[in-house]
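Let's take a walk through this protein, starting with the overall layout and ending with the odd corners of the backbone. Keep the viewer open as you read.

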Amino acid sequence: MAGKASKTSVNIAKASAGNVGAGPVLLSGGNPQIAKGYGDAPVQAYIAAMPGWKSDVGRRLDALVTSTVPNVYKGVKWNSPLYGIEGDGWFLGVHCFAKYIKLAFFRGASLSPIPPGTSKTPQTRYVHIHEGDELDEAQLADWVKQASQLPGERM
């Protein structure tokens, strides 16, 4: 196997070669490839690279989290923005898929009401946002506030 690249790395390399200076590559499924980093800048780079309608929703979600939790700590890991409390771990992750945005509340089973999407991890719950969905910003803000007050996920 020495000298052989994986199919994924070859596809990323091909996509990157055609986009020199053009910004982040979209991975299969439409998720932006953003380098790991901490703070607002990598999160804003991810949001700017979200394809189509997702970028507008990403800006709305980021503003909602920032206004709900003024001391929120931000970062990007595994090509996903994360929100947390510095020193206490992450409470929310965002990830783009081809047809929706997935919000992952890492302690979601402890929220009230419990977010609708289930996970293989018992404590994690998801919210999927599809194009054209009405965002229940009051409910999302309530979940964000509750989640920010729980112990965060260490990653």
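A good place to drop in is a single pair of residues: Y73 has G84 as its bridge partner in strand 3. Keep in mind that this is a predicted model. The pair belongs to the ladder between strand 2 and strand 3, which run antiparallel and share 5 bridges.

Now zoom out. The protein has 4 helices and 6 strands, and along the sequence they come in the pattern α-β-α-α-β-β-β-β-β-α. The 6 strands make an open sheet in the order 1-2-3-4-5-6, with antiparallel pairing. Strand 1 and strand 6 (125–130) are the edges, each with a pairing partner on one side only. As a reminder, strands of a sheet pair through backbone hydrogen bonds, either parallel or antiparallel.

Let's go along the sheet. Strand 1 covers residues 37–38 and pairs with strand 2 in the antiparallel sense over 2 bridges. Look for G37 here, whose bridge partner in strand 2 is V76. What about strand 2 itself, residues 73–77: how many of its 5 residues are buried? The count is 4, so strand 2 is largely enclosed by the rest of the structure. Further along, strand 4 and strand 5 are joined by 5 bridges, again in the antiparallel sense. In that pairing, L92 sits opposite F105 of strand 5.

Back to strand 2 and strand 3 for a moment, as their hairpin deserves a closer look. There are 2 residues between the strands, and W78 takes a positive phi there. The phi of W78 is near 55°, and W78 is not a glycine. N79 is in the loop between strand 2 and strand 3 as well, and its phi is also positive, near 60°. Most residues other than glycine have a negative phi, and most peptide bonds are trans. Is W78 buried or exposed? With a relative accessibility of 58%, W78 counts as exposed, because the cut-off for that label is over 50%. N79 has a relative accessible area of 18%, so it is buried, the limit being under 20%.

There is one more backbone feature to find: the peptide bond from S112 to P113 is cis, with omega near -10°. P113 is in the loop between strand 5 and strand 6.

Of the helices, have a look at helix 3, residues 53–68. Its 16 residues reach 23 Å from the first C-alpha to the last, close to the 22 Å expected at 1.5 Å a residue. Which residues of helix 3 are buried? They are K54, S55, V57, G58, L61, D62, L64 and V65. Across the protein, buried residues make up 43% of the 155 residues. As for contacts with a separation of 6 or more, 51% are between residues 24 or more positions apart.

Finish at the largest pocket, which has a volume of about 340 Å³. Strand 3 (80–85), strand 4 (89–96) and strand 5 (100–105) are the elements that each give two or more residues to its lining. The lining has 20 residues, and those nearest the centre of the pocket are G93, K102, A104, F106 and Y126. What is the make-up of that lining in nonpolar, polar and charged residues? It divides into 9 nonpolar, 7 polar and 4 charged.

Terms used. Residues numbered from 1 in each chain as written. Predicted model: local features only at pLDDT ≥ 70, side-chain atom pairs only at ≥ 80, totals over all residues. Heavy atoms only, no water. 1 Å grid on protein atoms, 1.4 Å probe; cavity = no way out; pocket = protein on both sides within 12 Å on 5 of 7 lines; lining within 4 Å. Points joined across faces, edges and corners; volume = space filled by probe spheres on them. Nonpolar A, V, L, I, M, F, W, Y, C, P; charged D, E, K, R; others polar. Buried < 20%, exposed > 50% of the residue type's maximum accessible area, 1.4 Å probe, protein only. Pairing = 2+ DSSP bridges. Expected span 1.5 Å × (residues − 1). Contact = heavy atoms within 4.5 Å.
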